[in-house]
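Hi! Could we go through this model together, a few questions at a time?

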Amino acid sequence: MARDLFYMLIFPGFLFLVVFALFAEYVDRKLCAKLQNRVGPPWYQPFADFIKLAAKEDVVPMLADRPMFRFTPIVALTASIASVFYIPIWGHDALFSFNGDVIVVLYLLTIPTLTFFLGGWYSRSVFSMLGAVRSIMQLFAYEVPLYLSILAPALLANTWSLSGMARFYSTHPLYALLNVIGLGVSLVALLGKLERVPFDTPEAETEIVAGSFTEYSGRLLALFRLAISVEMVVGATLLAAVFLPFGLELGAPAAFGLYLVKALVVICLLTLFRTVFARLRIDQMLRFCAQVVAPIAFAQVLIDLVAKRVLAL
Amino acid sequence: MKRPGRMISEVLRSVLRKPATVLYPRVKVKMPDRFRGKLIFHPDKCVGCRLCMRDCPTDAIQIRKVGDKQFEAEIDMARCICCGQCVDSCLKKALEMTAEFELAQLKRETLKLTYSVEPKGAGAKASDDKPESDSGGEAAEG
Amino acid sequence: MHDRENIRIPIGPQHPALKEPTSFSLALDGERILQAGVRLGYNHRGIEKGCEERTYIQALYLVERICGICSHSHATCFCMAVEEIAGIEVPKRAVYIRTLVAELERVHSHLLWLGVAGHEIGFDTLLMYTWRDRETVMDLLALLTGNRVNYGINTFGGVRRDVNPEQKVAVLKGMDLLEERTKYYITVALEETTLIERLSGVGMLSHDDVLRLGAIGPTGRASDVKRDTRKDDPYAAYGEMPFNVITSDHCDVYGRTLVRVGELMESYKMIRWLVNNLPEGPIAVKFPRKVPAGEAFMRYEAPRGEDVHYVRANGTDRPERVKVRAPTLANVQAVAHMLKDGYLADLPIVVAAIDPCFSCTDRLIAVADAHGLQPGVLTWEQVRRHGIEWYRRRGVDFTRLNSTFRCGESG
C-alpha cells in the first residue's frame, strides 16, 4: 500500500512528473530563445510561473458552468499523470502492464484534449468556444496518424503491451529501424496533440486571444498549463519508449538516465519545429494531415505488416 | 524551391552566436553624443530673454528672475519631451542637453529640476531634489 | 449573442492581434466571416485642434508625435507645407538630409512590419530576427538625429543637425549589413512553405477594387497599381534621385510582403546615393515667426502610403487650420472588403497587411450634436467640461484633476 502510494505520488507519479515537466518547459523556452538569438528565462522561471499563477484568484465568469469550469483542469492533469504508469522508464518493465496498455495510454492522452474542449465550451465566451471547437477539429486530424504510427511497432512486436514491445525490441534491436517513418509521423502528430506551432490554432494568441483558456486564471490556469507541460513530457516518454528502445538492459539507473536523455532529445526536436514554422490555419492543417501525414502513417503500418510476414514473426 | 523549415540552418547557427540582448541594467548601452536626454541650464549665461519659454511645445521650462541680471530655471522633466528646441532657440547657449536618460523618480515633485544661482559671489549651483545624485556637472543635493 | 446561422464577435478594441485600438465587429458562420464592421476613433487626441492653439514651432513637435513610426513623415510634410506658404526655399543640403532620414524611417517601418506580420501568423522567429536587425537602423537614426523615434530633425527652413563624415561611414556600413539580412528575408519569403501558405490568397484586392476603394501605398501597389507620390509628385530630393517603384501583381497579402521587401532594397540604394551625393551648403535658413496668410496642400509618401497635410495660415504666429489625412484612413476602407468571405484566422494578417497606424488615422471630421452642445467649433473649456460631465454620469469624478496646463498662454 505504501509502496503504491510512493509510486503514485512521488516517483514516477506526481512529484517526479511535475518537476520534470517544469524542467522540460524550461528547456523548451531556453532553447527556443537561443534559436531566436535571445537570452531566455532562468531555470526557475516555470516554477515561479506556476507558483505565481497558483497564488492568484480564480475568476469564474458569470455565465460559465461553475462545476465543469473548475473540474476540467483537474481531469486534464490527472489523465496526463496517470498515463505514465504504463510506459517503461527504467528498463523493460513499466510500473503496471497488461496486454492492451498501449491503447489505454493513447486513450488517456486523448482525455486532456477533451478537457480543453469542455473547459472552453463551458466558459461560454465566444473566443473560448471558437478555440474549443478548433481543438476538437484538430483532434480528428492528428489522432489517426498518431494511433497508426504508435500501433505499427506494436503490430511488429506482436503484443499490445508497451513493456512487451520494449522487451521485443531489446532482443531484436535492428527491427526498430523499420519504424523510423513512424517516429517522424508521430512527432508531427504529437505537435498537433500538444497544440504547438505549426498546429496551435486552438490557442492562437493573435486570433482568438487564448482559445479555450481565455477565461481561465489563477489556480485553474496553473493546473491547465501544468497539464500541458506534463502531456509534453508523457508524449516524449511514449515516443522514446516506442521508437527509441535501446539501452534498456543496462540496469535501472543507467536506463533511467538514458530515458531522460531520450525524452529531452524529443522535446528539443519539438522546440526546433516551433521555431522554424509559421502557424497553419485549421483548414490547411486538416488538409495537410489528411493528405500527407495519414498516408505516410498507413505506409508505416504496411511496412510493419509486410515485415512481420516476411520475417515470419 | 519551396520547402518547409527554410530558416532551419540560420536558426541552428544562432545557438552558437552571442545573444542579441543587452542585459540592461547590468550592461548599459552608451548613447551617441547627439542623444537628447536630460536638460541642464547654465545660469551664468542666461540673459532672461525667455525665448526658450516661448518656443517650448509643452511649457516645461520656466525662467524666473532672482536678482539683478540673474535668472533661475525650473524644468519640469515630466513635461519635457526632450525635443531640444529650447537649446536651439537660446542665443547665449545657456541650455544644454546631456545624454542621461534614466530620469524616473518616485515622486512627481522630484521631477521638477531647479537650476539656480547662488546669491552674488559664489557662482552657479544647480539644486534638484533627486534622492540619488549622479550625472556630472553641477548637480548638488538640494 | 447567437442565432441559428451566425454569431457576432468583437475583435477589439483590445485584442492581441491589434497593435492599436480599433473595433471590428464580425458576423461569423463557423470560421467564415460573413460581414465585418469597422469602428475607428479610439486614438483620437485632438491634435488638429491642439495645433491651432500653438505657435508653428510648437505645432511642429506636436505634429511629429501623431505617430511613432511615421513621425518624420508628418513633420516633414507639415514643414514643407508651411515653407510653401511662406515662400521660403530650403537649402539643398537640408533637403537631402531630410530625404536621408525619410528613407531610413522607411527602412525602420518596413522591418517593423515584417516582424509584426511574422508574429500575426505565429512565426515568432521572424519577429525576433527582423526586430534585431531593426536595431541597426534605430542606432543609425539616434546617431544622426539624437533620438531613436520622433527624430526632431526638421525645423522651418531646413534641418537642425548636420551630417559629418564619420556618420556617413556608419550609415554605409549599416546599409551593407541590412542589405545582406534583407536578402536572406527575401529568400525566406520566397521559399518557406508555411509562410507562403498563410499569406497567399489572403486579403485579395483586385486592381479595380483598389481604384474603387482608394487603397494606397504598398497595399495598392501589390495589386499592380503604380501609384507612388515620390514619382507622381516629386518632393524633397526624389526628383533628382534615381529609384524604382516596386509593384507586384499577386493582389494579396503575399504581394504586399514582396512589395515591402522590394522597397527595402530600393531604400538601401537610395540611402547610399544620398550619402554619397550630399551637396555642401548651409543646413537651414532664417524663417519668420509670423507666416503670411495663405494655404498649402502637401503630399508625402509615408511608409504606409500617401500622407496629406493641409495648412492654412492667417498672418499670425499660429496656424489657423491644420488637417492631416493619414494613409491608413484610405486603406481601412479596403479592410472591410478584404475580410468578407475570409477566414477568422486570416483577420490578424489581413489587418496587419495594410500596416495599420490608427494613431495617425483618428482625426475628427465633424462635431456631432451630442447632449445639447451646439454643433460647430467648441472651445477648449467646453470640450473639457463635456468630458468631465460624460464621465461623471458614469460615476467617475475628474473635477479634482490637477491639470492646470493652459496651452498657448506661455508666450
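Below are some questions and answers on an interface and on the nonpolar cores of this predicted model.

Me: How many residues of chain C are in contact with chain B?
Reply: Happy to start there. The area buried between chain C and chain B is about 3,100 Å², with carbon and sulfur atoms giving 47% of it. On the chain B side, 30 residues take part, and the number from chain C is 38.

Me: Which residue of chain B forms a salt bridge with C:Glu191?
Reply: The rule finds 5 salt bridges across the interface of chain C and chain B. In the one that involves C:Glu191, the closest N and O atoms are 2.5 Å apart, well inside the 4 Å cut-off. The partner is B:Arg6.

Me: Which helices of chain C each supply at least two residues of the side that touches chain B?
Reply: That side of chain C divides into 13 nonpolar, 13 polar and 12 charged residues. The helices that each supply at least two of its residues are α2 (56-64), α5 (124-145), α6 (165-191) and α7 (193-199).

Me: Which helix gives the most to the largest nonpolar core?
Reply: This core has 84 residues, and A:Ile150, A:Leu162, A:Val230 and A:Leu238 are those with the most contacts inside it. Beyond its neighbours within four places in sequence, A:Leu238 is in contact with residues including A:Ile87, A:Val105 and A:Leu109. With 18 residues, the helix that gives the most is α10 (residues 218-243) of chain A.

Me: How many residues does the second, separate core have?
Reply: Here we move to chain C, where C:Tyr61, C:Cys70, C:Val137 and C:Val275 are among the members. The number of residues in this second core is 74.

Key. Residues numbered from 1 in each chain as written. Chains lettered and ligands numbered in written order. Predicted model: local features only at pLDDT ≥ 70, side-chain atom pairs only at ≥ 80, totals over all residues. Heavy atoms only, no water. Contact = heavy atoms within 4.5 Å. Buried area = accessible area lost by both parts, 1.4 Å probe. Salt bridge = Lys/Arg side-chain N within 4 Å of Asp/Glu carboxyl O. Helix = DSSP H or I, 4+ residues; strand = E, 2+ residues; numbered from the N terminus. Nonpolar A, V, L, I, M, F, W, Y, C, P; charged D, E, K, R; others polar. Core = buried A, V, L, I, M, F, W, Y, C linked by side-chain atoms within 4.5 Å. Buried < 20%, exposed > 50% of the residue type's maximum accessible area, 1.4 Å probe, protein only.
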